[in-house]
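This briefing is for a reader new to the structure. Please look over the sequence and the model before reading the points.

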Amino acid sequence: MTSTPVRIGIIGAGRMGTQHAGFIARDENAVLVGVADPQSDLLSTRSSVPHYRDHHELLEKSDVDAVIIANPNNAHVDTALDCIHAGIPALLEKPVAVTFAEATRLTQAVREKNAVVLVGHHRRHHPAVAAAREIILGGGIGQLVAVNGVWMARKPDDYFEHSWHREKGAGVMLINLVHDLDLMRHMCGEITAVQAVTSNMVRGHEVEDTAAVIVTFASGAVGTFTVSDATVAPWGWDQVTEDDPTFPYRPDTSCYSIAGTEGSLAFPQLKHYYYGGRADWTQPLSARYDPRSIGDSYTNQMAHFISVVRGETAPLVTVEDAAATLALIEAAHNAAETGTLTTITAQESLV
Ligand SMILES: NC(=O)c1ccc[n+]([C@@H]2O[C@H](COP(=O)([O-])OP(=O)(O)OC[C@H]3O[C@@H](n4cnc5c(N)ncnc54)[C@H](O)[C@@H]3O)[C@@H](O)[C@H]2O)c1
């Protein structure tokens, strides 16, 4: 038996909104029915669907079953609240908000209205993430000790022609590191303290282009993350996965090194290092590739969203969960500004 495709509207038709239209087009269970964007009707014209200048019009005039919100970060909470009040399920792009306080407003509304909101931390839907999570949390590398993560790339200069990409509410931590820390919480457990230094040395914008962040996990493990949108470098999720063909694939590099007392994992290849015999750094390390299923995050996220809208499953990434990730970015900004260790309060963390 075939079901009627879920009718989806897109709010914000820039780079990410346009990509979402592509993800909808390749899923037979979804159909794009309208686009709201105050500045551009390019996507609606190309997709032959109605264009609305304002998302209120999309919510009122079209017969959407669900929406994808991909407008600038500082509009996320108010737009999502409008969808909640209209009773329309939403896939809300990350970051869930620009401050934890704002995210809390949304968390409360979701609870009060029993609303359906999936936050677009798409990487959690990647098959390598599920496999790594099972290995790490299942003790497959022994006790987790240390993690090293990198997201270093060179964004094109015209990316920053959109003024919001240069201003508070954007920056490499809120736009990119937020994905890495979200995955760390998901695969390695909650983070309880953060230290950071940031720099805008290359681009000179109001927001940072580069950051070095140190984290402490609730388990006692530690981690370091280096991120920059101003470097020519091959290390980072976007280059090392085949999620998005916009970015040339580098199968020879990894983005996370995850080390435990019994072994370590290079991610996303799931190259698993271990000793066949005595654990001693003078002995040769053995390595194997651990299994994972095939697929990419965006296709899986769309299938999951459709299932969420149909009431078949609960969101994998809730507003509350995404707010806990956002709290880490806020803590990193605070740590960088004050030069001190910032601990995550119980209210911010899901621990
Ligand atoms: N999941 C990911 O990996 C990923 C990747 C890129 C961007 N994003 C997120 O997607 C969102 C959009 O980023 P982008 O890079 O596409 O930005 P963008 O600037 O290319 O696009 C934003 C679009 O929103 C429109 N807009 C502005 N205000 C609006 C409003 N009130 N209602 C509707 N539309 C409005 C703009 O006209 C523009 O077309 C951001 O939240 C960003 O963090 C997520």
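The points below cover the sheet, the nonpolar core and one helix residue.

This is a predicted model, in which local features need pLDDT of at least 70, side-chain atom pairs count only at pLDDT 80 or more, and totals for chains, interfaces and linings use all residues. Residues are numbered from 1 along each chain as its sequence is written, and side-chain values use heavy atoms, leaving out hydrogens and water.

**Sheet**
- Nine strands (DSSP runs of E, at least two residues, numbered from the N terminus) form an open, mixed sheet in the order β14-β13-β12-β11-β7-β10-β9-β8-β15.
- β14 (286-289) and β15 (342-343) are at the edges with a single partner strand each, so one side of each has no neighbour in the sheet.
- Strands pair if DSSP finds at least two bridges between them; β8 (residues 191-199) and β15 run antiparallel and are joined by two bridges.
- In β15, T342 stands opposite V194.

**Nonpolar core**
- The largest nonpolar core (buried Ala, Val, Leu, Ile, Met, Phe, Trp, Tyr and Cys residues joined through side-chain atoms within 4.5 Å) has 100 residues.
- V67, V96, M187, I258 and F267 touch the most other members.
- Beyond four places in sequence, the contacts (heavy atoms within 4.5 Å) of I258 include M187 and F267.

**Residue M184**
- M184 lies in helix α7 (residues 171-188), a helix being a DSSP run of H or I of at least four residues.
- M184 has 0% relative accessibility and therefore counts as buried (under 20% relative accessible area, with a 1.4 Å probe and protein chains only).
- Among the residues M184 touches, not counting those up to four places away in sequence, are V147, F217 and Y256.

Key:
Buried < 20%, exposed > 50% of the residue type's maximum accessible area, 1.4 Å probe, protein only.
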